[in-house]
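Please open the structure in your viewer and keep the selection panel at hand. The tour moves from one selection to the next and says what is found at each stop.

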Amino acid sequence: MKIRKALISDIKQIARVHVDSWRTAYKGIMSDEYLDNLSCDNRERNWKKRLFENKESTEFMYVAENEEEKIVGFASADIDKEDKQYQGTLYTLYILEPYQRIGIGKELVKSVVKKLKENGINSLKLWAFEDNPSRKFYEKFGGKIMGKKVSKVGYVQLNELLYGWKDINDIRF
């Protein structure tokens with residue numbers, strides 16, 4: 001498995017991983033109608049704008065490639081200049097189902113943490129849907145639940161949990 005910085009030429013594959021991951025990870029949590037209507041084209045436009053067109057953005061992404069050089073997962077993060085307690089934000093971590101639980105998520109998060117440290121960021125936060133069993137991944141690495149909010153996704157209200165590490169050196173890889 002190869003972990004590397006995302007390129008603009010990766011956008012189509014990133015969008016496909018994003019949509020396919022949502023459809024498997026959130027089945028039974030979000031409505032089938034909502035998941036069936038997710039659009040790779042919309043995801044492509046969104047990621048292209050966020051990562052490559054918005055000159056003000058500091059968001060970055062790493063991708064995981066398999067042996068055939070196909071993207072099977074990704075993680076994106078950014079620096080939150082407003083939040084003094086948790087300056088790094090892990091926005092996304094998505095891996096295609098057949099590639100889960102083999103260490104790819106850990107390697108993607110390690111890459112994100114390394115990049116944050118290089119930018120002088122020493123704390124990290126993320127939001128995860130409470131009903132998503134994969135959120136235990138963050139607890140395994142020492143993430144503490146620091147808050148909760150309700151978000152509307154489609155027509156469904158979902159609880160989200162805020163995980164945090166006050167010191168990213170405390171992440172237990």
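Which element gives the most to the lining of the largest pocket? Before selecting anything, bear in mind that this is a predicted model. The element to select is strand 4, which contributes seven residues to the lining of the largest pocket, the most that any element gives.

**The largest pocket**

With strand 4 (88–95) still highlighted, add the other elements that give two or more residues to this lining, namely helix 1 (11–25), helix 3 (40–53), helix 4 (104–118), strand 5 (124–129), helix 5 (136–140) and strand 6 (144–153). The space in the largest pocket comes to about 1,200 Å³, and among the 45 residues that line the pocket, those closest to its centre are Tyr26, Leu93, Tyr94, Asn132 and Tyr138, so labelled here for selection as a group. If you colour the lining by residue class, it divides into 23 nonpolar, twelve polar and ten charged residues.

**Glu160**

Next, select Glu160, which lies in strand 7 (residues 156–165). Is this glutamate buried or exposed? Because its relative accessibility is 11%, and the cut-off for buried is under 20%, Glu160 counts as buried. Showing its surroundings, and leaving aside residues up to four places away in sequence, you will find that Glu160 touches Trp127, Ala128, Phe129, Glu130, Gly147, Lys148, Lys149 and Ser151. One of these neighbours, Ser151, deserves a distance label, as a polar contact of 2.3 Å joins its side chain to that of Glu160. For a longer distance label, select Asn46 together with Glu160: the two are 114 residues apart in sequence and 22 Å apart in space, C-alpha to C-alpha.

**Two loop residues with positive phi**

Now go to the loop between strand 2 (60–65) and strand 3 (71–79), where Glu69 is found. Although Glu69 is not a glycine, its phi is positive, at about 65 degrees. Its relative accessible area of 57% lies over the 50% cut-off, and Glu69 therefore counts as exposed.

Finally, select Arg101, in the loop between strand 4 and helix 4. What is the phi of Arg101? Arg101, which is not a glycine either, has a positive phi of about 65 degrees. Arg101 is also exposed, because its relative accessible area is 72%, where exposed means over 50%.

Terms used: Residues numbered from 1 in each chain as written. Predicted model: local features only at pLDDT ≥ 70, side-chain atom pairs only at ≥ 80, totals over all residues. Heavy atoms only, no water. 1 Å grid on protein atoms, 1.4 Å probe; cavity = no way out; pocket = protein on both sides within 12 Å on 5 of 7 lines; lining within 4 Å. Points joined across faces, edges and corners; volume = space filled by probe spheres on them. Helix = DSSP H or I, 4+ residues; strand = E, 2+ residues; numbered from the N terminus. Nonpolar A, V, L, I, M, F, W, Y, C, P; charged D, E, K, R; others polar. Buried < 20%, exposed > 50% of the residue type's maximum accessible area, 1.4 Å probe, protein only. Contact = heavy atoms within 4.5 Å. Polar contact = N/O pair within 3.5 Å; in protein donor to acceptor, adjacent residues only side chain to side chain.
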